Every structure is written in structure tokens, then in C-alpha cells.
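Here is a short tour of a protein with a bound ligand. Please have the viewer open as you read.

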Amino acid sequence: MLNRGVIERYRAYMPVTPTTRIITLNEGSTPLIPAYNLAKAIHPRLDIYLKYEGLNPTGSFKDRGMTMAITKAVEDGFEGVICASTGNTSASAAAYAARAGIKCIVIIPEGKIALGKLSQAMIHGARVVQIKGNFDNALQLVRSIASRHAIALVNSVNPFRIEGQKSGAFEIVDDLEGYAPDCHALPVGNAGNISAYWKGYKEYFAAGKAKNRPKMLGFQAAGSAPIVLGRPVDDPQTFATAIRIGNPASWKTAVEARDESGGVIGMVTDHQIRDAYKMLASIEGVFAEPASAASIAGLIKLAANGYFDTMKPIVGDRIRVTCVLTGHGLKDPDSAIKAAEETVTVEPTEEAVLEAIGLEASVSALV
Ligand SMILES: *Cc1c(COP(=O)(O)O)cnc(C)c1O
């Protein structure tokens with residue numbers, strides 16, 4: 001089936017009419033990859049599936065919401081959009097605005113944006129303004145500007161973003177042939193995505209398309225964990241810049257998702273995120289950006305605390321967990337290079353290369 005993007009794929013669930021001009025880059029329909037090696041390493045009863053959102057057109061799940069937000073901005077007659085961003089929202093907004101032929105303005109925290117994301121916003125022609133402040137300051141600014149100017153706000157406080165993003169839940173249930181997973185794990189930053197996934201699972205369940213609803217397992221970075229701590233964090237810190245947010249806009253709906261689903265919102269340290277980030281890439285061959293690995297780090301922590309030991313799965317005797325890998329690893333090559341083993345440089349001789357790779361010069365053939 002030709003992929004025509006998430007609005008066409010799930011048109012009955014999206015706020016569009018037959019005459020709506022749909023702005024799409026054929027986002028969505030991303031793979032759900034079984035992670036056998038991770039499952040084996042984490043808990044004997046888990047089946048883990050990775051929803052690899054890095055394979056969206058701009059490399060993150062933000063495209064699911066942006067197709068809907070830009071489609072509605074154009075339908076409502078806006079000639080420009082604005083957003084605050086930790087990086088991926090700006091990359092996505094810039095691309096979809098370019099596609100639609102409208103202006104895009106992005107406000108980002110200076111020096112805290114992964115290089116890949118910044119390059120995207122720039123090459124798509126957005127007006128990029130860095131502020132000497134954090135994401136929370138940037139969001140406050142764009143909310144105020146959008147309320148007084150004819151420019152559409154496309155952060156996840158825009159309800160159309162959530163409508164588009166809920167398509168991720170529909171795809172998972174479709175791939176699992178009418179079942180939601182037992183648990184759904186994802187990183188939590190501004191908390192739009194956990195709210196969107198829960199909305200999607202509920203809608204599919206109500207429509208009779210899913211036989212069950214998952215427990216929602218959200219994870220914040222320990223230095224940016226306002227929901228876990230129960231209060232805003234003034235100076236949020238974490239190397240997982242996509243979730244470096246101290247006062248999430250969708251705080252209330254995230255807590256509802258947790259409580260209605262019987263799930264958990266927990267926190268993981270940067271050390272745990274970094275380990276999970278490396279593990280995912282090195283034992284599973286899947287490269288996601290640091291924030292995405294918070295979901296894996298969270299699973300490891302819950303498994304170690306016995307969370308899954310007595311859980312009853314909806315089918316069979318294995319617990320199915322989906323993990324949203326929210327963004328592609330190539331977004332943030334600096335973090336990968338810092339986390340990985342160093343490369344070596346040697347003289348261009350066979351002797352030197354053999355020594356560097358740990359083979360002896362006297363061995364005649366690799367077998
Ligand atoms: C935006 C983003 C998040 C956080 O999603 P929220 O909806 O803000 O909670 C996590 N990971 C990546 C890669 C992101 O781009």
C-alpha cells in the first residue's frame with residue numbers, strides 16, 4: 001500500500017474535511033522492530049518492540065503532529081508558524097512549512113540544540129532565533145507572541161499536534177493485529193507524546209480496533225524530572241537535550257495517562273540513559289538519539305525492581321512492551337562520538353593496522 005502520510009492513513013480519526021489541502025511528507029508507517037537481544041538482556045518474560053520514529057521524514061516523531069498542525073494552519077489562512085524547540089520540533093516545523101510555502105520562526109535555547117537538528121531548521125529556511133535561556137523560557141515567549149500576532153503556534157500545546165501524533169498508537173495496534181502492547185514506554189519532555197499515545201490507544205479501543213489498552217510508562221531524565229518530583233524544575237539539566245524541560249505544557253494530561261492506564265512516570269539518570277543509548281546501538285543495531293534511550297533505561301530500571309515479575313499479559317505468557325525511539329541517532333553525532341570508543345590512527349602499513357586490530361603479523365589468514 002502506498003504510504004500517503006498519517007492523515008490519509010487514519011483520515012476517519014483526524015480533524016480534516018474532504019476539501020482540506022493536506023500538507024504531508026509521507027510521514028508515519030514506521031517499523032516496529034522486535035528487539036530480541038535487548039529483551040534477553042533485560043527480563044526473561046519481556047518481548048520488546050522498538051517503534052523506530054527516527055525513520056520519519058525529518059528524523060523524529062514530531063512529523064506526525066506537524067503534518068496535522070501545518071495542514072490546519074494553512075486551512076485557517078495563516079501565512080506563518082512559530083515554535084519553541086529543543087530541536088526536533090523546529091526541524092519538523094521548518095520542513096513542513098517549506099512544503100506548504102509558508103514562513104517558519106523557531107526559538108531555541110542557545111547552545112543546547114543537537115547539531116543535526118539545528119542544521120535542518122536552517123536549511124529549510126526557517127528564521128532561527130537563539131535565546132539566552134532554556135526551552136521553558138522559549139515556550140513562554142512564543143505563546144505570548146502567537147496570542148498577539150497572526151502567526152500559528154505549532155508546539156504540542158496546539159491540539160492538532162496531538163491529533164496527528166496519536167497515529168503512532170494506531171500503527172502499533174495495527175502491527176500487533178488488534179492488540180495494544182501490555183506496556184508502552186517512552187521518554188517524557190513537554191509531555192505531548194505520552195498524552196497523544198494515550199489518546200490514540202483510547203480512541204482505538206473505543207472504536208473496537210484494539211482489544212485492550214496498555215500501561216503507559218513514561219521516563220524523564222533525573223535532572224529534568226518535574227512530573228516525578230511534583231514541581232517545576234527551574235534549571236533543567238540532561239545531555240538528552242530533547243527532554244531537557246522543567247515545566248511540561250502537557251503535565252496534566254501526562255498524569256492522566258499514567259493514572260488512567262495504571263502506569264508509571266519515573267526518572268532515569270544521565271548515566272543510565274547513556275548506557276541504554278550505547279546498548280541499543282551496540283547489541284541491537286538501532287541508532288536512536290539520547291532522549292529516545294530513556295525509554296530503554298526506564299525498562300531496565302523497572303525490570304531490576306521486579307515490576308514485570310508478576311504482571312499478567314493480555315495474550316500468552318510473555319509481556320509485550322513497545323518502546324518509542326523518538327528520534328534518529330544521526331541527529332546528535334556529537335553525543336555518539338563522546339559515548340563510543342575512540343578511533344585510532346596509525347601509519348598506512350599492514351603491520352601497524354594488524355597491531356591496531358589486535359591480530360598478529362604471523363597469522364596468514366582470517367578465518
Ligand atoms: C520532542 C522529543 C521528546 C519529548 O516528547 P514530548 O512530547 O515533548 O514529551 C523525546 N524525544 C525526542 C527525540 C523528541 O524530539
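Which ligand atom lies 2.7 Å from a polar side-chain atom of Asn 88? In this predicted model, the partner of that Asn 88 atom is an oxygen atom of the ligand.

## Polar contacts to the ligand

Asn 88 uses its side chain for this contact, at 2.7 Å. The protein backbone takes part as well: an N or O atom of the Ala 191 main chain lies 2.8 Å from a ligand oxygen. For Asn 193, too, a backbone N or O atom is found 2.8 Å from an oxygen atom of the ligand. On its own the ligand would expose 380 Å², and the protein buries 97% of that area.

## The shell and its cavity

If you step back from the single contacts, you can count 16 residues surrounding the ligand. The closest are Lys 62, Asn 88, Gly 189, Asn 190 and Thr 326, so you meet Asn 88 here again, the residue with the 2.7 Å side-chain contact.

What is the make-up of this shell, in nonpolar, polar and charged residues? Seven of its residues are nonpolar, seven are polar and two are charged. As for the location, the ligand sits in the largest cavity.

## Aromatic rings

Now let us turn to the rings. The structure holds eight aromatic pairs. One pair to look at is Tyr 307 with Phe 308: the ring centres are 5.2 Å apart and the planes meet at 85°, which is over the 60 degrees needed, so the pair counts as edge-to-face.

Are the two partners buried or exposed? Tyr 307 is partly exposed, because its relative accessible area is 22%, whereas Phe 308 counts as buried because its value is 0%; the cut-off for buried is under 20%.

Elsewhere, ring pairs link Tyr 10, Tyr 13, Phe 170 and Tyr 204 into a cluster.

Definitions and conventions
Residues numbered from 1 in each chain as written. Predicted model: local features only at pLDDT ≥ 70, side-chain atom pairs only at ≥ 80, totals over all residues. Heavy atoms only, no water. Near = heavy atom within 4 Å. Polar contact = N/O pair within 3.5 Å; in protein donor to acceptor, adjacent residues only side chain to side chain. Areas by Shrake-Rupley, 256 points an atom, 1.4 Å probe, with all protein chains shown as cover. 1 Å grid on protein atoms, 1.4 Å probe; cavity = no way out; pocket = protein on both sides within 12 Å on 5 of 7 lines; lining within 4 Å. Sits in = over half its atoms within 2 Å of the grid points. Nonpolar A, V, L, I, M, F, W, Y, C, P; charged D, E, K, R; others polar. Phe/Tyr/Trp six-rings, centres within 6.5 Å; stacked < 30°, edge-to-face > 60°. Buried < 20%, exposed > 50% of the residue type's maximum accessible area, 1.4 Å probe, protein only.
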